[in-house]
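Open the model in your viewer and keep the selection tool at hand. This tour goes stop by stop.

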Amino acid sequence: MYLHLGQDIVVRSDRIVGVFDLDNSSISAHTRQFLAAAEKGRRVINVSMELPKSFVVTCDRDGRETVYISQLSTATLLKRSEESFSLPR
């Protein structure tokens with residue numbers, strides 16, 4: 001299955017490590033350091049130029065992490081993930 005993060009960006013659900021609220025999680029110094037390191041390593045993809053609300057961390061088969069910054073809230077991403085996994089009745 002896939003999760004649509006906004007604009008034209010879709011990621012495989014089995015590659016998602018976590019979905020995080022940007023406002024709440026960026027309070028932590030560890031999270032800010034992680035995001036800064038990802039930015040420095042060019043592993044951040046900004047999905048939209050709008051106000052960011054969340055970030056999604058993925059890991060590929062080689063163990064490389066990618067951070068997607070999304071304008072969608074974590075609640076919206078959760079709803080989309082539940083919809084993609086629900087079976088038709």
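The stops below cover a sheet, a helix, one strand residue and some charged side chains. The model is a predicted one.

**Stop 1: the sheet**

Show the cartoon and colour the strands. You are looking for an open sheet of 4 strands, ordered β3-β5-β6-β4. The pairing is mixed. Which strands stand at the edges? They are β3 (16-21) and β4 (44-46). Each has a single partner strand, so one of its sides has no neighbour in the sheet. Now look at the twist. On average, neighbouring strands here are turned by 20° against each other, direction ignored.

As a reminder, strands of a sheet pair through backbone hydrogen bonds, parallel or antiparallel.

**Stop 2: β3 against β5**

Select β3 and β5. These two run antiparallel, joined by 5 bridges. Pick Val19, then find its bridge partner in β5, Val56.

**Stop 3: β5 against β6**

Keep β5 and add β6. This pair is antiparallel too, with 6 bridges. For a landmark, select Phe55, which stands opposite Ile69 in β6. Then follow the chain from one strand to the other. β5 and β6 form a hairpin, with 5 residues between them. Stop at Gly63 in the turn and check its backbone: phi is positive, about 85°.

**Stop 4: β6 against β4**

Leave β6 on and add β4. How do these two run, parallel or antiparallel? They run parallel, and 3 bridges join them. Ile69 serves as a landmark again: Asn46 stands opposite it. So that you can see both sides of Ile69, show Phe55 together with Asn46; Phe55 is opposite Ile69, and so is Asn46.

**Stop 5: the helix across the sheet**

Select residues 29-40. This is helix α2, which lies across β4, β5 and β6 (65-70). Line up your view with β6. The helix runs at about 105° to that strand.

**Stop 6: Thr58**

Go back to β5, residues 54-59, and select Thr58 within it. Is Thr58 buried or exposed? With 7% relative accessibility, Thr58 counts as buried. Now display its contacts, leaving out residues up to four places away in sequence. Thr58 touches Val11, Arg15, Ile16 and Val17, and also Arg64, Glu65, Thr66 and Tyr68. Keep Arg64 selected for the next stop.

**Stop 7: the Arg64 network**

Show side chains for Asp60, Asp62 and Arg64. Arg64 meets Asp60 in a salt bridge, 3.0 Å from N to O. Arg64 also meets Asp62, at 3.2 Å from N to O. These salt bridges share partners and join Asp60, Asp62 and Arg64 into one network. Next, switch on the surface. Arg64 is exposed, at 51% relative accessible area. Asp62 is exposed as well, at 62%. Asp60 is partly exposed, at 28%.

**Stop 8: Asp14 and Arg12**

Move on to Asp14 and Arg12. Their side chains meet in a salt bridge, 2.8 Å from N to O. Asp14 is exposed, with 52% relative accessible area. Arg12 is partly exposed, at 34%.

How many salt bridges are there in the whole structure? A search finds 4. Those you have visited include Asp14 with Arg12, Arg64 with Asp60 and Asp62 with Arg64.

Terms used
Residues numbered from 1 in each chain as written. Predicted model: local features only at pLDDT ≥ 70, side-chain atom pairs only at ≥ 80, totals over all residues. Heavy atoms only, no water. Buried < 20%, exposed > 50% of the residue type's maximum accessible area, 1.4 Å probe, protein only. Contact = heavy atoms within 4.5 Å. Pairing = 2+ DSSP bridges. Axes fitted to C-alpha atoms, helices over the stretch in contact; angles between N-to-C directions.
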